[in-house]
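Work through the exercises below with the sequence and the model side by side, and attempt each task before reading its solution.

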Amino acid sequence: MSQTLPSKDALQRLLDGLQNLVREHLALARVEAKEDLRTMGRDLAYGAAGVPLLAVGYFMLMLALGYLLAQWLAPWAAFGIVAVVNLGAGAALTIVCRKKLMESRALKLNSTANELQTNKAWLSSLSETTKPQPDGKVAAHLT
């Protein structure tokens, strides 16, 4: 009976330790996700700051290009050419950006991944040091 109590205590301590480990990993992942989302939002805000001015400038440039082409072509054809070129360039840019976005879509929780790898190595070393004895009992070499 004295043999089972220490093994129960050891098992309970191990389970408590694993629960703590999981809780800490979840907390770390949560903190990293918040930091990544905050950084992503700030970068998006910086990138979007000049978009209205760029849009107005681009629109005026395309109007000027359409009027320039209208000197040699019918106005409907000149503005049609400008529109088709813009639609093609926009579609190509959308496809390229979508591919890049899909590649970088997942959040990179580097610290969490490193901690999980460390714990995986620790658990595998723990299982190697725990060997079954000939009478069926497990001798744990925990320090």
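Patches are made of residues with over 30% relative accessible area and no salt bridge, and nonpolar side chains are joined within 5 Å. The model used here is predicted.

**Exercise 1.** Establish how many helices and strands the protein has, and in what pattern they follow along the sequence.

Solution. The count gives 4 helices and 2 strands. Reading along the sequence then yields the pattern α-α-α-α-β-β.

**Exercise 2.** Check whether the span of helix 3 agrees with its number of residues.

Solution. Helix 3 covers residues 75-103, which is 29 residues. The expected span is 1.5 Å times one less than the number of residues, so at 1.5 Å a residue helix 3 should span 42 Å. Its end C-alpha atoms are 42 Å apart, and the two values therefore agree.

**Exercise 3.** Identify the buried residues of helix 3 and the element against which they pack.

Solution. Ala77, Ala78 and Val82 are buried in helix 3. The buried residues of this helix pack against helix 2, residues 51-69. For the protein as a whole, buried residues make up 10% of the 143 residues.

**Exercise 4.** Describe the nonpolar surface patch, and classify Leu68 as buried, partly exposed or exposed.

Solution. Leu65, Leu68, Trp72, Leu73, Ile81 and Val85 make a nonpolar surface patch of about 580 Å², to which helix 2 and helix 3 each supply at least two residues. Leu68 lies in helix 2. Partly exposed residues fall between 20% and 50% relative accessible area, so Leu68, at 39% relative accessibility, counts as partly exposed.

Conventions. Residues numbered from 1 in each chain as written. Predicted model: local features only at pLDDT ≥ 70, side-chain atom pairs only at ≥ 80, totals over all residues. Heavy atoms only, no water. Buried < 20%, exposed > 50% of the residue type's maximum accessible area, 1.4 Å probe, protein only. Contact = heavy atoms within 4.5 Å. Patch = residues over 30% accessible without salt bridge, like charges linked within 9 Å, V, L, I, M, F, W, Y side chains within 5 Å. Areas by Shrake-Rupley, 256 points an atom, 1.4 Å probe, with all protein chains shown as cover. Salt bridge = Lys/Arg side-chain N within 4 Å of Asp/Glu carboxyl O.
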